[in-house]
Amino acid sequence: MRRRFVIGKILGALSTLVFVVVFNFFLFRVVNDDPINSMFRGRNLTPEQLDRLRVKFNLDGTKWEQFVAYVRQLLHGDLGYSLKSSRPVSTVIAEAIWPTILLVGTSTLLAMLGIALGYRAGWRRGSTFDATATSVSMLTYSMPEYWIGMVALGVFAAGLGWFPVGGLNDPGSTLTGLERILDQLHHMILPATVLAVAYIGEYMIVARSAMIDTSREDYLQLARAKGLREADVRKRHAQPNALLPVVSLSAINFGFVLSGAIAVESIFSWPGIGQQTQFAIAGPDFPMLQGLFLLISAAVILANLAADLLYGYLDPRVAGR
Amino acid sequence: MKRQLGALGLAIAALGTMVVTTANASGGDEKVTLTVGLMQDLDSPNPTAGYLVSAYELWNLQYATLTDKAADDFATEPGLAEKWEASNDGLTYTYTLREGLKWSDGEPLTADDVAWTINTSRDQEWINHSATTANLDAKVIDERTVEITSAVPDPKLPTMDVYILPQHIWEEQAAGDITTYAADDGVGSGAFTLQQWNPGQDWTMVANPNFWRGAPKFDQIVFRVFTEGSAMVAALRAGEIDFVHDVPSEQFEGLTTEEGIETVIGQQGGFSELAMNGMAGGIGDGHPALLDIDVRHAIAKAIDRQALVDRVLLGQGEVNPILGVSPDSVWFPEIPEADQLNYDPAGAAKLLDDAGYLDTDGDGTREMPDGSQPLKFRYAQLSDSDTAGPNQELITGWLKEIGIDTEVSTYDQTQLTDVIASGEYDLFAWGWTPFVDPDPMLSYFTCAQVTTDAESPGYNDANWCSEEYDALYEQQNQELDRAKRVELVHEMLTLFHNESTYVVLYHDADTQAYRTDRFTGWVRQPKDVGPVLFSNTSPSYWNLTPVDGGGDDGGTSTGLIIAIVAGAVVVLGAIVFFAARSRRQQDDKE
């Protein structure tokens, strides 16, 4: 892989990140520049008290001064304080990130079973397996997560009572150690399955079409002519070449793991990044939104960078050009 | 690939077994817990920083006040203070604390804590204290006696409903920026104190054995945060939670007929209004027709408020034309029949006809008497409200019927605050929730609160100013005779109603529901009409008694449930395993 390719990609990612920081800051302030009055409406505060709140939340001074203060904070790793809770944004994010990685990460991994299904369906295009897998995938892919979540919650949690109606742990429980982890797993099964069902179709469809494209290639005929077994033809010659679209899809989806799943986290009251995003939008809580958007964008940018570099490795033509 | 799949199958099966094991082990939690579901996380447990309803509920539980409020009618009752005495001029009150008061951590609660809280909150202008303590000075006489003097006659005294904080914890915090303190110490004097807060999920409050009324009758309260209303109701039905605050209106009807669940429509004086720009601040560009009281009355009469309550609130509210200044209806005047602005579209049209607002060009919209401009009003509404849209559709339809056109814009709360501050509106719909004492809400509509500089808006969003109202306000603000003060407030509210710069659309309600098989002793505050929790002082908590045998939510079924889950997991594992095997065989065949 050429060094210029790598450096170019990294610089590209960095400049995107800088753009996000600037854009992020002004985006929210264009819509709403001073939430203090509406936040404390009807609280019987004096103008002096309101002004002090403005200073506390870095809402005094010109936009430019606020921006400089924001960037200075950011360079020190300080994301400011949430308008709503007065807690450091970084603390709130740190608390929410683990539940999100657990839930969305698990379901993204589960959904990657779709790749295996897609390869198989694509390899035997037109078979009963292909027809079934494709139509089921199309069906789950087209169902909104929100809807699947509500149905699952209604049937398996509220109706049959097999699972709790949401949350990460039994509230107020004093469980520790392994028991606590297992309690979390019990809470996670339903939302993780819902997300996996919602994601799996996408992987299946992409993997299937990549495999179909590859299966028409002449080099597979050549491999068969050499007398290789069909299984070896698929494994050694077809699958590696059908990998590229799947790699980029997976990388991008892993980037989105950190953005959480707003719909599913909301239905299952899952205390992750998606739920925090929802709370922050309802505020609107600028410092929280800025912190969350920065995190999500950085994750997506990094995942894309990883996909680009991996591409260059898997397909040397990309890096060599 | 096949080896991985096989391993995955085994892992899933193992996991299933472990889930079974834990579920059986976790049945041993003996604590009697009240679980409350709500749609709002805490903002901050710190009473100098937080401002959400959820936080007020926490402070009401954790911090007792010098005087308490009666469950029935908010009458001032002994709290931490067992008695008090007024000086002859009514400016000074001497409170005697109960004997042997202790904080939940065992430290003595003395007059020092009281004086420190009052004086420090005044000096540092704590947001939830200063409205009460701004003019007060507290002096310690002895360990159980504190003397509180007001610089001006204050009709709110002897009521002292500010949260008394433990000086031994907070003194250190007050030296710096007190609002940044996390307030996770859990030391209080109320019925329950904070044990743990898991942001975004839940917080737990445990019974305080040192509470002055005696230890509560159950162990702990868990407040559980939901982000989806129907999931919260499902949890109530499933018995995972015992109480729901803010039942989504479309789910409420279904709960009213459900066996074992009691529903509550709780009034606390909160209301929604349609406001008209009174233009008293001299800024902005309100429609001149709104300065004509006939136009304002016509608008009020065009609105069918009963239909709003029935169709938008689904009956979960009350038609009441009076500004909700308090949850206590003693402050609300009777409006004489002749002055009531009830739904009467024909009367509204006649008012406009008689005042010369006619539709001269036949386009369906009336013009100003001088023909200069049509009666077309900008109507601003909130985006983050379930009721704003339906209200607006009905109201603009009714206005259309009497020849008034509207142009609707939708804003979030911050934007609408800015629009109102700049005076660039004609009509807007919003709402307020009052304190128990009517003074704050009354003060918002004085001339002093009118916005004259959009950069520093006052609270008077009606942009309305009346010398008569202001004079009455000053009188009630200093009137120490309660009966006389009530009369003054009646006069003010009648005036405000007749001026109709605000059309109070309805008084809205808190919709709540609770399971009857878990606790008894729910108390509505105020009597008969208020909510059972999240009321002003929430007396239910220390009054609730667990129902015998209702201590555990269906422990018997848990085992069964887990068995089914485990079964499902094992089946799934088996499927994966066999899929891997059949695939291996196929591979071999190929």
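# Exercises on a predicted two-chain model

Arg213(B) and Asp68(B) form a salt bridge, with their closest N and O atoms 2.5 Å apart. The structure is a predicted model. The exercises below start from that pair.

## Exercise 1. Domains 1 and 2 of chain B

Task: place the salt bridge of Arg213(B) and Asp68(B) in the domain assignment of chain B, then describe the contact between domain 1 and domain 2.

Solution.
- Step 1. Read the assignment. Domain 1 of chain B covers 2-62 + 190-266 + 510-570, domain 2 covers 67-168, and domain 3 covers 271-508.
- Step 2. Place the pair. Arg213(B) falls in domain 1 and Asp68(B) in domain 2.
- Step 3. Check the cut-off. A salt bridge needs nitrogen and oxygen within 4 Å. The pair is at 2.5 Å.
- Step 4. Take the count. Between domain 1 and domain 2 of chain B there is one salt bridge. Nine residue pairs are in polar contact, both residues at pLDDT 80 or more.
- Step 5. Find the main contributor on the side of domain 1 of chain B. Helix α2 (residues 53-62) of chain B gives the most, with three residues.
- Step 6. Sort that side of domain 1 by class: eight nonpolar, nine polar and three charged residues.
- Step 7. Give the extent. 20 residues of domain 1 of chain B touch 21 residues of domain 2 of chain B. The buried area is about 1700 Å², and carbon and sulfur atoms give 57% of it.

## Exercise 2. Chain A against chain B

Task: state how many salt bridges and polar contacts join chain A and chain B, and which element of chain A gives the largest share.

Solution.
- Step 1. Count the residues. 64 residues of chain A are in contact with 69 residues of chain B.
- Step 2. Take the area. About 5900 Å² is buried between chain A and chain B, with 54% from carbon and sulfur atoms.
- Step 3. Count the pairs. There are zero salt bridges between chain A and chain B. Five residue pairs are in polar contact, both at pLDDT 80 or more.
- Step 4. Name the elements. Those giving two or more residues to the side of chain A include α3 (47-56), α8 (145-159) and α9 (177-215) of chain A. The largest share, five residues, comes from α9(A).
- Step 5. Sort by class. The side of chain A has 27 nonpolar, 20 polar and 17 charged residues.

## Exercise 3. The disulfide

Task: find the disulfide and say what it ties together.

Solution.
- Step 1. Count over all chains: one disulfide.
- Step 2. Identify the partners. The sulfur atoms of Cys447(B) and Cys465(B) are 2.0 Å apart.
- Step 3. Read the torsion. The angle about the S-S bond is 90 degrees, and the link of Cys447(B) and Cys465(B) is right-handed.
- Step 4. Locate both ends. Cys447(B) and Cys465(B) lie in the loop between α13 (439-443) and α14 (467-478) of chain B, so the pair ties together parts 18 residues apart in sequence.

## Exercise 4. Backbone exceptions

Task: locate two cis peptide bonds and a residue with positive phi in chain B.

Solution.
- Step 1. Recall the background. Most residues other than glycine have a negative phi, and most peptide bonds are trans.
- Step 2. Take Leu157(B) and Pro158(B). Their peptide bond is cis, with omega about 5 degrees. Pro158(B) sits in the loop between β7 (145-150) and α5 (167-175) of chain B.
- Step 3. Take Gln525(B) and Pro526(B). Their bond is also cis, with omega about -5 degrees. Pro526(B) is in the loop between β18 and α16 of chain B.
- Step 4. Take Ala183(B). Its phi is near 55 degrees.

Methods: Residues are numbered from 1 along each chain as its sequence is written. Chains are lettered from A and ligands numbered from 1 in the order in which they are written. This is a predicted model: local features need pLDDT of at least 70, side-chain atom pairs count only at pLDDT 80 or more; totals for chains, interfaces and linings use all residues. Side-chain values use heavy atoms; hydrogens and water are left out. Domain bounds come from an automatic or database domain assignment. Contact means heavy atoms within 4.5 Å. Buried area is the accessible area (1.4 Å probe) that two parts lose on being put together, summed over both. A salt bridge is a side-chain nitrogen of Lys or Arg within 4 Å of a carboxyl oxygen of Asp or Glu. A polar contact is a pair of N or O atoms within 3.5 Å; within protein, one must be able to donate a hydrogen and the other to accept it, and residues adjacent in sequence count only if both atoms are side-chain atoms. Helices (H or I, at least four residues) and strands (E, at least two) are DSSP runs, numbered from the N terminus. Ala, Val, Leu, Ile, Met, Phe, Trp, Tyr, Cys and Pro count as nonpolar, Asp, Glu, Lys and Arg as charged, and the others, Gly among them, as polar. A disulfide is a pair of cysteine sulfur atoms within 2.5 Å.
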